[in-house]
Structures are given as C-alpha cells and as structure tokens.
Amino acid sequence: MAKRSFPLSKVYGLLEPGPVVLLTTAHKGAANVMTMSWHTMMEFEPPLVGCVVSNRDFSFDALKATRQCVLNIPTVELAAKVVGCGNTSGRRVDKFKSFGLTPEPASLVGAPLIAECYANLECRVVDTRLMNRYNFFVLEVLKAWIDPACKEPRTLHHRGRGVFIVAGETIKLPSKMK
C-alpha cells in the first residue's frame, strides 16, 4: 500500500465540500460579517443548514441572541475580502467598511445581505440543542436570493491553513434524484 498516515488535525480539509460563506448578523445596532466554512446541508425542504460558529467569535452572541443570520455566498473575485473578514474581529472593526462590502436589507431577517455575493440565504435558527456542547446551530433557510447574471459561479472551498480550491468545471451525469 502506497498510502501514508495523515494528520487528524487536517481531516476536515479532505471532507469540506461546501463553499466558504460570509455569515452576517445584526445585534444591538451593529452588523457583522464572519467568514465560515464549517457548514452542511441537513435537509432539502425546508432547506436546513447546520453550522459551527465558535463561542469565541463575535458573531456567536449575535446569532444566539437574535436567532437570525444571512449566509452570503461569494465567488473567487471576493477571495481577498473573504480572507480579510476571516482574519479580523468584528469586536474591533466594521468589516463592511473595512472590506468594501455593501449591506442590503433582507426581507425576512434583521441581518443584512451582502450585495457583492452571488447568492444570499436568509436564515433563522431552528435548533440549538448542540450549541452549548459543539457551537452547532441548525438554520432554516427562509428566503434565497441569486444573481441571475452569474451563470457559472466560481466559489471558494477551504482546505485549511489559508489553502483554498476554486470550483471550476461543471459536469452533468444521469441521476434519478429530483
């Protein structure tokens, strides 16, 4: 066997399937942006998304208090801003201003959409049973927005320690799934 042992601390980079998102919250008059890659689809309809938001992150308290957020899906053109938001604390910096992101009002939640992102998912927290133990929130997507001009979005996928893969080629294979 030509395979070798792989560090357990790097396993998530092998499994991370979804795009990096910018989670926005609004609490006590302040909007914030947090870069997040630890999320997973849990159900088709209604769409449920599970996500981990560390209790050390500024966004944790806002999400816990308001039970609302927006998952904003950026494309590779925003890569530097995505990394910048991920390396900056909202406790000290207005990330919208610092990174030139445009907040737009959502229709169903208090957190803003990010205009520059190709898709935005307005969400509410529907389950916090794993929040205290794992910082895991279950979100229901209430409203989804997409930029129809963005036909082939090239999303970022985090592999760990500053390494990303950019989604590229799309293939279509026969499927019996709806």
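**Cores, a ring pair and a surface patch**

Colleague: Which residues touch the most other members of the largest nonpolar core?
Modeller: Happy to start there, bearing in mind that this is a predicted model. The largest nonpolar core has 21 residues. Those that touch the most other members are Leu23, Met36, Val53, Leu71, Cys123, Phe137 and Leu139.

Colleague: And which element gives the most to this core?
Modeller: Several elements supply at least two residues each, including strand E1, strand E2 (30-36), helix H2 (58-66) and strand E9 (136-146). Strands E4 (48-52), E5 (68-73) and E8 (119-127) also supply at least two each. With four residues, the element that gives the most is E8.

Colleague: How many residues make up the other core?
Modeller: That core lies apart from the largest one. Among its members are Val20, Phe99, Ile114 and Leu156. Its residue count is 12.

Colleague: Let's take Leu71 next: which residues does Leu71 touch, leaving out those up to four places away in sequence?
Modeller: Leu71 is one of the core residues that touch the most other members. Its partners include Val21, Leu22 and Leu23, along with Met36 and Val49. The list is completed by Ala119, Asn120, Leu121, Cys123 and Leu139.

Colleague: Is the aromatic pair of Phe60 and Phe137 stacked or edge-to-face?
Modeller: The count comes to one aromatic pair, and its partners are 77 residues apart, with Phe60 in helix H2 and Phe137 in strand E9. The ring centres are 5.6 Å apart. Because the planes stand at 65 degrees, and over 60 is the cut-off that applies, the pair is edge-to-face.

Colleague: Are those two rings' residues, Phe60 and Phe137, buried or exposed?
Modeller: The cut-off for buried is under 20% relative accessible area. Phe60 has a relative accessibility of 7%, and Phe137 has a relative accessible area of 0%. Therefore Phe60 counts as buried, and Phe137 is likewise buried.

Colleague: What about Thr25, buried or exposed?
Modeller: Thr25 is found in strand E1 (residues 21-27). Beyond its neighbours within four places in sequence, Thr25 is in contact with residues including Ala30, Ser59, Leu63, Cys69 and Pro112. Its relative accessibility is 1%, so Thr25 counts as buried.

Colleague: Now the surface: what accessible area do Phe6, Leu8 and Val11 have together?
Modeller: Phe6 sits in the segment before helix H1 (12-15). At 37% relative accessibility, Phe6 counts as partly exposed. With Leu8 and Val11, Phe6 forms a nonpolar surface patch, and their accessible area together is about 290 Å².

Conventions
Residues are numbered from 1 along each chain as its sequence is written. This is a predicted model: local features need pLDDT of at least 70, side-chain atom pairs count only at pLDDT 80 or more; totals for chains, interfaces and linings use all residues. Side-chain values use heavy atoms; hydrogens and water are left out. Buried means under 20% relative accessible area, exposed over 50%, partly exposed in between (1.4 Å probe, protein chains only). Contact means heavy atoms within 4.5 Å. A nonpolar core is a set of buried Ala, Val, Leu, Ile, Met, Phe, Trp, Tyr and Cys residues joined through side-chain atoms within 4.5 Å. Patches are made of residues with over 30% relative accessible area and no salt bridge: like charges are joined within 9 Å, nonpolar side chains (Val, Leu, Ile, Met, Phe, Trp, Tyr) within 5 Å. Accessible areas come from the Shrake-Rupley method with a 1.4 Å probe; for residues, only the protein chains shown count as cover. A salt bridge is a side-chain nitrogen of Lys or Arg within 4 Å of a carboxyl oxygen of Asp or Glu. Rings of Phe, Tyr and Trp (its six-membered ring) pair if their centres lie within 6.5 Å; planes under 30 degrees apart count as stacked, over 60 as edge-to-face and the rest as tilted.
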